[in-house]
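Biologist: Could you walk me through a helix and a pocket, step by step?

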Amino acid sequence: MKKHEGLIAFIRRFPDDEACKKYLSDQKWASGFQCRRCGHEEWGKGETAHHRRCKNCRYDESPTAHTLFHKIKFPLQKAFVIIHQLTTMKKGMSSCEISRQYGVHQETAWTFKQKVMRAMAVDPCVLSGSVEIDETVVGGHEKGKPGRSHGRRKSVQVAAEIEYPEEEGNPVIKRARSLPIHGYAASDMAPAINQMVDDTALVTTDGNLAYPKALGKRDHLVFLSENGANFQLLHWHIFNLKNWIRGTHHKVSGKHIRYYLEEFHFRFNYRNFIQRAFNTVVKNMLNLPWMPYKHMIAA
């Protein structure tokens with residue numbers, strides 16, 4: 001495992017906007033140029049050294065056009081540093097913290113963080129092998145709403161792929177995912193399970209009677225929770241997820257909770273490949289279409 005790049009080294013690699021634009025240009029057209037308007041593949045120098053101008057229709061495209069970097073309201077170098085921090089810091093940052101640390105308006109920070117989170121949600125992993133599944137609620141304690149009662153809290157399906165060492169050693173969570181669900185019936189849980197868990201996985205659950213139907217034809221084992229004695233790895237993972245939401249964000253909107261869950265698990269699943277996390281997010285942001293603030297809050 002290669003040690004990830006520290007913040008000072010990262011800033012030295014991207015000392016100004018020009019370095020960032022060159023990186024975006026190289027990444028955006030890494031597979032070759034094709035004009036967005038006419039499909040022509042030959043290009044020449046555009047308005048700047050990092051633009052590309054079609055030799056057929058003369059359409060001039062910037063590295064940020066038609067991407068999630070389009071029309072950002074602060075320098076690209078600052079955007080790169082924020083992405084680096086969101087992908088490498090163990091707990092990430094809230095939009096309020098981004099606003100304080102980087103001197104941008106909180107609304108602007110929230111919008112950009114949402115774009116990064118959407119890039120983190122591109123092509124998530126599908127869990128296979130031995131997978132443990134449980135459901136929980138996030139959002140903190142509510143008086144008169146014990147256990148899995150809803151109230152203003154959000155129901156979440158959590159799955160963890162457990163890796164058992166060939167030699168002596170303790171099992172560990174290799175990868176994990178979670179998605180919001182509307183309830184605890186099989187019809188509520190099945191869509192989330194189908195997105196997160198491969199059909200060939202061996203799934204272990206507690207005694208919830210909805211799981212056999214929700215899991216379909218997957219191999220299925222049942223163990224009672226025994227007040228937390230079983231599923232210790234999965235329960236610790238759920239505990240860390242809840243603590244992250246409470247400690248970093250305090251609360252999250254039900255409208256956007258999926259992206260917060262994807263952010264948490266993107267960092268978790270990339271923890272052993274952290275040197276690739278920044279590149280992955282930037283490439284995904286280049287491939288996703290521009291989304292203005294008014295569409296972001298309505299999503």
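Here is a short conversation about one helix and one pocket.

Modeller: Residues are numbered from 1 along each chain as its sequence is written. This is a predicted model, where local features need pLDDT of at least 70, side-chain atom pairs count only at pLDDT 80 or more, and totals for chains, interfaces and linings use all residues, while side-chain values use heavy atoms and leave out hydrogens and water.

Biologist: How far does helix α2 reach from its first C-alpha to its last?

Modeller: Helices here are DSSP runs of H or I with at least four residues, numbered from the N terminus. Helix α2 covers residues 17–28, twelve residues. The expected span is 1.5 Å times one less than the number of residues. That gives an expected 16 Å, and α2 comes close to it, reaching 16 Å.

Biologist: Which residues of α2 are buried?

Modeller: Buried means under 20% relative accessible area, with a 1.4 Å probe and protein chains only. By that rule, the buried residues of α2 are C20, Y23, L24, S25 and K28.

Biologist: Which residue caps the N-terminal end of α2?

Modeller: Look for a side-chain oxygen 3.2 Å from the backbone nitrogen of E18. The residue that supplies this oxygen, and so caps the helix under the polar-contact rule (N or O atoms within 3.5 Å, one able to donate a hydrogen and the other to accept it; residues adjacent in sequence count only if both atoms are side-chain atoms), is D16.

Biologist: Which element gives the largest share of the lining of the largest pocket?

Modeller: A pocket is an open set of points on a 1 Å grid over the protein atoms alone, where a 1.4 Å probe fits, with protein on both sides within 12 Å along at least five of seven lines; lining residues have an atom within 4 Å of a point. This one is lined by 20 residues, with K90, N240, F264, F268 and R271 nearest its centre. Six residues, the largest share, come from α8.

Definitions and conventions
Helix = DSSP H or I, 4+ residues; strand = E, 2+ residues; numbered from the N terminus. Buried < 20%, exposed > 50% of the residue type's maximum accessible area, 1.4 Å probe, protein only.
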